[in-house]
Amino acid sequence: MKKRDWILIAVLLAAAAVGLLIVHHMQSGSGSTVTVTVDGEVYGTYDLDEDQTITIDNDYGHNVIEISGGSVSMTEADCPDLICVHHAKISKDNETIICLPHKLVVEVDSSETADADATLR
């Protein structure tokens, strides 16, 4: 291989690395709001930067959602499998925690996404 071949390979690898970094950065943006829906209806929208605990008691069951340190988690539920409680904390745009038995969805949204959704409603 000649010197020009090595230069071409280095340029292509650098371009691929930059492209991967750009894609990763665009996909991993932090969200700014948390939207909670129960049975397809919006229960509430909460600021991800404000530490708080949301308790939901309805016909489907009991859930406790905790927002702290810029992330959200399900800390309590009375569903039989508790998959939602064991789910990792979420903080990035479009991440969700779902409790199927209680028809509950917790989703992190960026402010741009939340504003666009509010405009559509």
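Helices (H or I, at least four residues) and strands (E, at least two) are DSSP runs, numbered from the N terminus. The model shown in every view is predicted.

**View 1. Helix α1 and a nonpolar surface patch.** Helix α1 spans residues 3–27, and isoleucine 9 sits in this helix. Isoleucine 9 has a relative accessible area of 34% and is therefore partly exposed. Met1, Trp6, Ile9 and Leu13 together make a nonpolar patch on the surface. The area of this patch is about 480 Å².

**View 2. The whole chain.** Three helices and seven strands make up the secondary structure of the protein. Their order along the sequence is α-β-β-β-β-β-α-β-β-α. The protein has 121 residues, of which 29% are buried.

**View 3. Strand β1 under cover.** Strand β1 covers residues 33–38. Six of the six residues in β1 are buried. Both faces of the strand are covered. Thr33, Thr35 and Thr37 are buried on one side. Val34, Val36 and Val38 are buried on the other.

**View 4. β1 between its partners β2 and β7.** β1 pairs with β2 in the antiparallel sense, over six bridges. β1 also runs antiparallel to strand β7, residues 104–109, and six bridges join these two strands. Threonine 33 has aspartate 47 of β2 as its bridge partner. On the β7 side, valine 34 stands opposite valine 108. Threonine 35 faces glutamate 107, also in β7.

**View 5. The β1–β2 hairpin.** Two residues lie between the strands of this hairpin. Aspartate 39 belongs to the loop between β1 and β2. The phi of aspartate 39 is positive, near 55°, and the residue is not a glycine. With a relative accessible area of 41%, aspartate 39 counts as partly exposed, because that class lies between the 20% limit for buried and the 50% limit for exposed.

**View 6. The β3–β4 hairpin.** Strand β3 takes in residues 52–58, and strand β4 residues 61–68. The two strands are antiparallel, with seven bridges between them. Two residues join β3 to β4 in a hairpin. Threonine 53 stands opposite glutamate 66 in β4.

**View 7. A patch of negative charge.** Asp47, Asp49, Glu50, Asp51 and Glu66 gather on the surface as a negative patch. Aspartate 47 comes from strand β2, residues 41–47. The relative accessibility of aspartate 47 is 35%, so this residue counts as partly exposed. Aspartate 47 is also the bridge partner of threonine 33. Glu66, another member of the patch, stands opposite threonine 53 of the β3–β4 pair.

**View 8. The loop before β6.** Lysine 92 is in the loop that runs between α2 (83–86) and β6. At 34% relative accessibility, lysine 92 is classed as partly exposed. Lysine 92 and serine 110 are 18 residues apart along the chain. Their C-alpha atoms are separated by 8.2 Å.

**View 9. The β6–β7 hairpin.** Strand β6, residues 96–99, pairs with β7 over four bridges. The pairing is antiparallel. Cysteine 99 has leucine 104 of β7 as its bridge partner. The hairpin has four residues between its strands. β7 also pairs with β1, again in the antiparallel sense.

**View 10. Lysine 103 in the turn.** Lysine 103 lies in the loop between β6 and β7. Its phi is positive, about 55°, although lysine 103 is not a glycine. The relative accessible area of lysine 103 is 40%, so the residue is partly exposed. A positive phi also occurs at aspartate 39, in the hairpin of β1 and β2.

Conventions:
Residues numbered from 1 in each chain as written. Predicted model: local features only at pLDDT ≥ 70, side-chain atom pairs only at ≥ 80, totals over all residues. Heavy atoms only, no water. Patch = residues over 30% accessible without salt bridge, like charges linked within 9 Å, V, L, I, M, F, W, Y side chains within 5 Å. Areas by Shrake-Rupley, 256 points an atom, 1.4 Å probe, with all protein chains shown as cover. Salt bridge = Lys/Arg side-chain N within 4 Å of Asp/Glu carboxyl O. Lys, Arg positive; Asp, Glu negative; His and termini not counted. Charge placed at Lys NZ, Arg CZ, Asp CG, Glu CD. Buried < 20%, exposed > 50% of the residue type's maximum accessible area, 1.4 Å probe, protein only. Pairing = 2+ DSSP bridges.
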